[in-house]
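Hi there,

Here is the structure I promised to pass on. Have a look at it first, and then read my notes underneath.

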Amino acid sequence: MNALIKEQIKRIDSVEEVNCYLSYLLSEAKTLTKEQITMLVWETIAESADTTLVTTEWAMYQLAKDPTRQADRLYDEMRKVCGCNKVKEENLSQLRYLDAVFHETLRKHSPTPLVPLRHVHEDTQIGGYYIPAGSKIAVNIYGCNMDKNHWGNPEEWNPERFMDEKYDPLDIYKTMAFGAGKRACAGSLQAIFLICVTIGRLVQEFEWRLNDGEEEKVDTVGLTSQKLHPLFAMLKPRE
Ligand code: HEM
């Protein structure tokens, strides 16, 4: 990371303006130490790589397991909206089912099952609980997204639940997957663009089927709900 930062500083010094996060931190955040800047830049990489990969892999697992939803709902929608063209960011607002696949995957397989710890600075009441100053609390995102009082059949992967008109298609925070409040995910919009275009392209190009014995492999590993057994699927190029 230090080597990358050095390289970028050289680039910044050699041209008039470089519009990047690091140049912003270097020019505006004068009170930050070198170590703090390194941590901030590292954070965006750490937060963005795993989460987007994990969500895409689980979405492909679910779609490969469910060829009807894959073909009759998702592929069909993309054909109607994009014709023979490749899915692009500009198409996403018209691809409601793709958006529903994304949000349902985030709900069922939240890549960040626990919000990073919050330090409580003053005595406070929240959700009927009294929380004294000095406590540290971790919100259970997995628990929120699987709450039976809020979601019908939470164990079931069912993108149709997000097609209900009560959900605003433009709302990124349909689930708790991106956290909430001032420190909510800073890359949620980028995550939607990246993941939806990737899922869309993978389904436009190939028919996906799970290999025998894959369906049961739903165990996870690590802090970001990675698939313990990497996805094994059969792909057939579409005509
Ligand atoms: C599906 C993908 C993603 C999920 C589910 C996700 C989820 C989260 C969650 C739960 C948090 C903590 C929020 C809180 O404390 O309330 C977070 C923070 C953060 N995320 Fe994401 N994230 C994703 C993708 C990304 C991407 C692509 C980027 C960068 C381009 C990113 C950058 C960040 C950063 C910088 C923070 C820290 C924000 C802060 O502390 O103020 N995330 N993310």
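Below is what I found, from the whole chain down to the iron site.

Please keep in mind that this is a predicted model. The chain has 239 residues, and 37% of them are buried. Its secondary structure comes to 7 helices and 8 strands. Along the principal axes, the C-alpha trace spans about 55 × 55 × 35 Å. The accessible surface is about 15,100 Å², with 54% of that area belonging to carbon and sulfur atoms. If you count contacts between residues at least 6 apart in sequence, 65% of them join residues at least 24 apart.

One helix pair is worth a visit in your viewer. Helix 4 (residues 67-82) and helix 5 (residues 96-108) have axes that come within 7 Å and cross at roughly 125°. That angle is over 115 but not over 145 degrees, so helix 4 counts as oblique to helix 5. On the helix 4 side, the residues in contact are Arg 69, Arg 73, Leu 74 and Glu 77. They meet Arg 96, Tyr 97 and Leu 98 of helix 5. By type, the residues of this contact divide into 3 nonpolar and 4 charged, with no polar ones.

Now for the ligand. Which protein residue is the donor to its iron atom? The single donor from the protein is Cys 185, through SG, 2.3 Å from the iron. To find Cys 185 along the chain, go to the loop between helix 6 (141-145) and helix 7 (188-205).

Happy to go through any of this together.

Best wishes

Key
Residues numbered from 1 in each chain as written. Predicted model: local features only at pLDDT ≥ 70, side-chain atom pairs only at ≥ 80, totals over all residues. Heavy atoms only, no water. Donors = N, O, S within 2.8 Å, 3.2 Å for Na, K, Ca; no water. Helix = DSSP H or I, 4+ residues; strand = E, 2+ residues; numbered from the N terminus. Axes fitted to C-alpha atoms, helices over the stretch in contact; angles between N-to-C directions. Parallel < 35°, antiparallel > 145°, perpendicular 65-115°, else oblique. Contact = heavy atoms within 4.5 Å. Nonpolar A, V, L, I, M, F, W, Y, C, P; charged D, E, K, R; others polar. Buried < 20%, exposed > 50% of the residue type's maximum accessible area, 1.4 Å probe, protein only. Areas by Shrake-Rupley, 256 points an atom, 1.4 Å probe, with all protein chains shown as cover.
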